[in-house]
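Visitor: Could you take me through a close look at one pocket and its lining, and then show me what else is worth seeing around it? I would like to follow it residue by residue.

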Amino acid sequence: MRPSVLNLAIASAFAFALVAGGAMAQSDPAAVSAEAASAAADAAQAEALADEATSSAEAAYDAEAPDANAAEKRADAADDAADAAGNAAELAEEAAEDVREGDGDADIKAGEARAGADVASAGAAVAADAAARNTDAASDTPTADMSAEQKATMEAWRDAGKVGPQHERLAAFVGDWDAKVTMWMDPAQPPMESTAPDSSALMFGGRFVKSEFKGSFQGEPFEGVSTMGYDNVRGKYTSTWQDSMGTGTFLSMGDYDDASRSYTLRGMMADAMKPGELMPVRVVIRITDDDHHVMEQHETRGGEETRTLEIAYTRR
């Protein structure tokens with residue numbers, strides 16, 4: 001529904017601008033400034049309503065409402081509509097500024113301002129619809145016939161699924177990165193070095209961050225996928241790793257230290273050289289700044305811990 005509404009609004013608005021662009025009233029600087037101001041107000045409203053739609057969608061998801069998946073899609077549509085409204089408002093203001101300064105064809109610029117205002121208004125309408133419907137979805141929960149124990153269980157699961165500051169911290173990993181990989185196969189030998197791209201994005205309303213790594217190992221293509229999140233029940237950060245060279249999943253769990261801006265996760269990895277045995281692994285992720293972080297992997301063999309891998313990430 002959203003794309004057709006916005007596309008129709010854009011098409012009709014600019015058609016109106018071309019047909020009625022010669023009207024003297026539209027080229028009046030005061031009238032054009034009013035259009036730009038209206039567009040800015042609609043854009044601000046669209047942004048606020050998009051935030052409301054997102055919040056209600058998360059509430060619907062937490063409450064396991066029947067319409068939770070649709071609510072999430074409506075929230076995404078509201079975000080897109082708010083972005084479109086904001087862009088249109090900026091264009092309307094630029095056109096109004098040209099009219100006030102006498103730059104360009106005043107009638108055409110006035111039409112562009114009107115079109116921007118129409119698009120911003122359409123964006124606000126889409127966001128308003130999503131916010132209203134998501135509010136209904138959030139309250140549509142099947143709790144009426146539940147026992148006290150069942151309601152307590154549902155509340156416990158809601159708390160377990162809430163997004164908190166620990167999850168918000170994961171946003172630092174979001175983006176596209178250049179990864180410099182250093183691997184020590186033998187501590188007595190020089191390490192192997194390579195570079196590869198990495199792309200990371202949040203999942204499930206910000207509960208997890210997923211990273212996709214594509215590189216090479218000994219001249220062969222290599223791909224890996226990791227997820228990282230914060231488990232409210234355990235009170236720990238958890239991570240998984242899977243790649244194209246193996247069939248297992250490495251699981252690790254640990255904590256974040258605010259003073260050093262670092263995560264320390266520990267897990268047990270299957271050792272291909274010793275089937276049936278598990279090898280202790282310690283992973284440290286240090287946040288250098290907004291555009292750099294480093295991951296180190298340390299493996300313990302024969303009671304001795306050795307650094308085997310380092311990946312330095314630089315934001316593109």
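Guide: Gladly! Let me begin with how the residue classes are used here: Ala, Val, Leu, Ile, Met, Phe, Trp, Tyr, Cys and Pro count as nonpolar, Asp, Glu, Lys and Arg as charged, and the others, with Gly among them, as polar. Please keep in mind that this is a predicted model.

The pocket to look at is the second largest, with a volume of about 440 Å³. Its lining is made of 19 residues, and those closest to the pocket's centre are Trp157, Ala160, Gly161, Lys162 and Arg207. Three elements each give two or more residues to this lining: α2 (29-62), α5 (148-160) and β4. The largest share belongs to α5, with four residues. Sorted by class, the lining has eight nonpolar, six charged and five polar residues.

From the pocket we can follow β4, which spans residues 220-231 and holds Ser226. With a relative accessibility of 17%, Ser226 counts as buried, because buried here means under 20%. Leaving aside residues up to four places away in sequence, Ser226 is in contact with Val209, Lys210, Ser211, Thr240 and Trp241.

Now for the aromatic rings. How many aromatic pairs does a search of the whole structure find? There are six. One of them joins Phe173 and Tyr263 in a tilted arrangement, with 5.7 Å from centre to centre and 45° between the planes. Phe173 sits in the loop between α6 (165-168) and β1 (175-183), while Tyr263 belongs to strand β7 (residues 262-270), so this pair ties together parts that are 90 residues apart in sequence. Both Phe173 and Tyr263 are buried. Another pair, Phe204 with Phe208, is edge-to-face, at 6.2 Å between centres and 90° between planes. Here the rings belong to partly exposed residues: Phe204 has a relative accessible area of 48%, and Phe208 has 31%. Phe173 and Tyr263 turn up again in one aromatic cluster together with Tyr230, Tyr237 and Tyr256.

Charged side chains add a further layer to the picture. The count of salt bridges comes to 14. In one of them, Glu93 meets Arg100, with 2.7 Å between the closest N and O atoms. Glu93 is partly exposed at 36% relative accessible area, and Arg100 is also partly exposed, at 35%.

A second example is Glu296 with Arg286, at 3.1 Å from N to O. This bridge links distant parts of the chain: Glu296 lies in strand β9 (residues 292-301) and Arg286 in strand β8 (residues 278-289), 10 residues apart. Glu296 is buried, with a relative accessible area of 13%, whereas Arg286 is partly exposed at 33%. Arg307 and Glu310 form a further salt bridge, at 3.2 Å from N to O, and Arg307 is partly exposed, with a relative accessible area of 33%. Put these side chains together and you have a network of salt bridges that links Arg286, Glu296, Arg307 and Glu310.

Methods. Residues numbered from 1 in each chain as written. Predicted model: local features only at pLDDT ≥ 70, side-chain atom pairs only at ≥ 80, totals over all residues. Heavy atoms only, no water. Buried < 20%, exposed > 50% of the residue type's maximum accessible area, 1.4 Å probe, protein only. Contact = heavy atoms within 4.5 Å. Phe/Tyr/Trp six-rings, centres within 6.5 Å; stacked < 30°, edge-to-face > 60°. 1 Å grid on protein atoms, 1.4 Å probe; cavity = no way out; pocket = protein on both sides within 12 Å on 5 of 7 lines; lining within 4 Å. Points joined across faces, edges and corners; volume = space filled by probe spheres on them. Salt bridge = Lys/Arg side-chain N within 4 Å of Asp/Glu carboxyl O.
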